Amino acid sequence: MMSQTNTQLIAFTAQVCPKAPPGASAPMNDITGYVMWGVIALMGLGMLVGVGGVVAGRVFSMPHASKMSVVGICVVFGAAIAYLVLPGVLSGIVGKGCV
């Protein structure tokens, strides 16, 4: 049998949620925004390089270069889909992070 003090202690610890220190939210939002912008820019660069590789492979009669460039474009599309889906999956698994 659990005493009333133990029950209250368990209920209190179940409500502990992590939060950033005061004043840390604004810099973290800026850093997160910069990282997200950088990832999107790299995806765009990957698409540009992939299309350029396909065109160069066709122009210079290098079928393997064209095939690898198509694979690169598919990888960029896969990464873009993961970029959209994974945050929702992680949010569903972790929830609000309360212990």
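The buried residues of helix α3 pack against α2, which spans residues 25-59. That pairing is a good place to start with this predicted model. The chain has three helices and zero strands, and from the N terminus on its elements run α-α-α. The points below begin with the whole chain and then follow α3.

**The chain as a whole**

- Of the 99 residues in the chain, 8% count as buried.
- The chain exposes about 8000 Å², and carbon and sulfur atoms supply 76% of that area.
- Taking the contacts in the chain with a separation of 6 or more, 54% are accounted for by residues 24 or more positions apart.

**The course of helix α3**

- Helix α3 covers residues 63-94, which makes 32 residues.
- From its first C-alpha to its last, α3 reaches 45 Å, close to the 46 Å expected at 1.5 Å a residue.
- Along the way, α3 has a kink of about 30 degrees at valine 85. The kink lies shortly before a proline, proline 87.
- Just after α3 comes glycine 95, which takes a positive phi of about 75 degrees.

**The buried residues of α3**

- Which residues of α3 are buried? They include Ser66, Ser69, Ile73 and Val76.
- Serine 66 is a helpful one to look up in the structure, and it is found in helix α3.
- Why does serine 66 count as buried? Its relative accessible area is 4%, and buried means under 20%.
- Leaving aside residues up to four places away in sequence, serine 66 touches Gly53, Val54, Gly57 and Arg58.
- This fits the wider picture, in which the buried residues of α3 pack against α2 (25-59).

**The nonpolar patch and valine 94**

- A nonpolar patch of about 810 Å² lies on the surface. It is made by Ile81, Leu84, Val85, Leu86, Val89, Leu90, Ile93 and Val94.
- One of these patch residues, Val85, is also where the kink in α3 lies.
- Another patch member, valine 94, is found in helix α3.
- Is valine 94 buried or exposed? Valine 94 counts as exposed because its relative accessibility is 55%, and exposed means over 50%.
- To see both settings within α3, compare serine 66, which is buried at 4%, with valine 94, which is exposed at 55%.

Methods. Residues are numbered from 1 along each chain as its sequence is written. This is a predicted model: local features need pLDDT of at least 70, side-chain atom pairs count only at pLDDT 80 or more; totals for chains, interfaces and linings use all residues. Side-chain values use heavy atoms; hydrogens and water are left out. Helices (H or I, at least four residues) and strands (E, at least two) are DSSP runs, numbered from the N terminus. The expected span of a helix is 1.5 Å times one less than its number of residues. The bend at a residue is the angle between axes fitted to the seven residues ending there and the seven starting there. Buried means under 20% relative accessible area, exposed over 50%, partly exposed in between (1.4 Å probe, protein chains only). Contact means heavy atoms within 4.5 Å. Accessible areas come from the Shrake-Rupley method with a 1.4 Å probe; for residues, only the protein chains shown count as cover. Patches are made of residues with over 30% relative accessible area and no salt bridge: like charges are joined within 9 Å, nonpolar side chains (Val, Leu, Ile, Met, Phe, Trp, Tyr) within 5 Å. A salt bridge is a side-chain nitrogen of Lys or Arg within 4 Å of a carboxyl oxygen of Asp or Glu.
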